[in-house]
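Let's take a walk through this fold together, one piece at a time. Have the sequence and the 3D view open side by side as you read.

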Amino acid sequence: MSAIQPDFRERGIKLRNKDTIQVTNNEYVLEERIPGGFQFRTWLVRRKKDGKHFVAKATPELSRMAGEIRAYMFFASVVSDFPRRYHPKIEAFDHESNVIRRGKKIGKINVILLKYYPHYSYISLEKLLKDKNCTSEVRKRIAGKLKRRIEKLHDLNLAHGDLHKGNIMVHKTGNGRIGVLLIDFGSSRFRDQHALSKDERQLQNILSELG
Ligand SMILES: Nc1ncnc2c1ncn2[C@@H]1O[C@H](COP(=O)(O)OP(=O)(O)O)[C@@H](O)[C@H]1O
Ligand SMILES: [Mg+2]
């Protein structure tokens, strides 16, 4: 954390509610900080031109942003091997996004903009397990899907790099189906045996908790 905070201070920016960020050719208003983020500052934002919501991840580290974009670019090129339903959709990114407060530019940040998966139907695995209203049948189905996603990722020689319950989102649809999304690819690594083994260990921990 200490390696990350200073960069924000150097740039003199601590994002606040109602700040506007310019990402490529659009403006977005920061509406609500999404807790749970650690390396990134994650916000629910509203696009000014049409009111549509997105999630903006403001990251002080270019390498983490590049790591995440690299993963999304890669997914776009291997859709049949790692389907779109396995990960969020990236909307845009900007490594020199202007931050505007009360009409004045106050600095620049690196931003990744993602499709917003609303909290009323998507929940992190961490929260889901905490709430404890999850049947063993549902846990089993989540475990199976999670395992499959990690297998597919590793078949492509990509390690997630930061696999924990807060980086897994679960989606319960009306007809009882369950979706599992892997998120947060800022630490992902290609062809890295150490990172692949770490993923495996972290996966086993999560699976054992799922029962
Ligand atoms: N596309 C999204 N839609 C809705 N919530 C999201 C989305 N992406 C991330 N989140 C929420 O924001 C939190 C932080 O995002 P994450 O990508 O994990 O960044 P960090 O690197 O800060 O951990 C996640 O744990 C999740 O709850
Ligand atoms: Mg995360």
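What follows goes from the domains to a helix and then to a sheet.

Keep in mind as you look that this is a predicted model. The domain assignment of the chain gives two parts, domain 1 (5–115) and domain 2 (122–210). Their C-alpha centres lie 23 Å apart. The contact between them draws on 16 residues from domain 1 and 15 residues from domain 2. On the domain 1 side, helix 2 gives the most to this contact, with five residues.

That makes helix 2 a good place to pause. Helix 2 runs over residues 62–77, which is 16 residues, and its first and last C-alpha are 22 Å apart, close to the 22 Å expected at 1.5 Å a residue. Which residues of helix 2 are buried? They are Arg64, Met65, Glu68, Ala71 and Phe75. Looking down the axis of helix 2, you will find these buried residues within an arc of 125°, so they line one face of the helix. The spacing fits a familiar rule: an α-helix has 3.6 residues a turn, so residues three or four places apart point the same way. Turn to the face away from the buried side and you meet the exposed residues Leu62, Ser63, Met73, Ala76 and Ser77. And what covers the buried residues of helix 2? The cover includes strand 4 (53–59), strand 5 (90–101), strand 6 (104–115) and strand 8 (158–159).

Now move along to a sheet. Here three strands form an open sheet in the order 7-9-10, with antiparallel pairing. Strand 7 (122–124) and strand 10 (178–182) stand at the edges; each has a single partner strand, so one side of each is left without a neighbour in the sheet. From one strand to the next, the twist averages 30°.

You can trace the pairing strand by strand. Strand 7 and strand 9 (residues 168–172) run antiparallel and are joined by three bridges. Within this pairing, Tyr122 has His171 of strand 9 as its bridge partner. Packed on the sheet is helix 4 (residues 136–155), which touches strand 9 and strand 10 and whose direction makes about 40° with that of strand 10.

On the other side of strand 9, the pairing with strand 10 is also antiparallel, over five bridges. Here Lys172 stands opposite Ile178 in strand 10. Strand 9 and strand 10 form a hairpin with five residues between the strands, where Gly176 takes a positive phi near 85°.

How values were computed:
Residues numbered from 1 in each chain as written. Chains lettered and ligands numbered in written order. Predicted model: local features only at pLDDT ≥ 70, side-chain atom pairs only at ≥ 80, totals over all residues. Pairing = 2+ DSSP bridges. Helix = DSSP H or I, 4+ residues; strand = E, 2+ residues; numbered from the N terminus. Axes fitted to C-alpha atoms, helices over the stretch in contact; angles between N-to-C directions. Contact = placed C-beta atoms within 7 Å. Expected span 1.5 Å × (residues − 1). Buried ≥ 20, exposed ≤ 12 C-beta atoms within 10 Å, placed from the backbone. Arc of directions from axis to C-beta. Domains from an automatic or database assignment.
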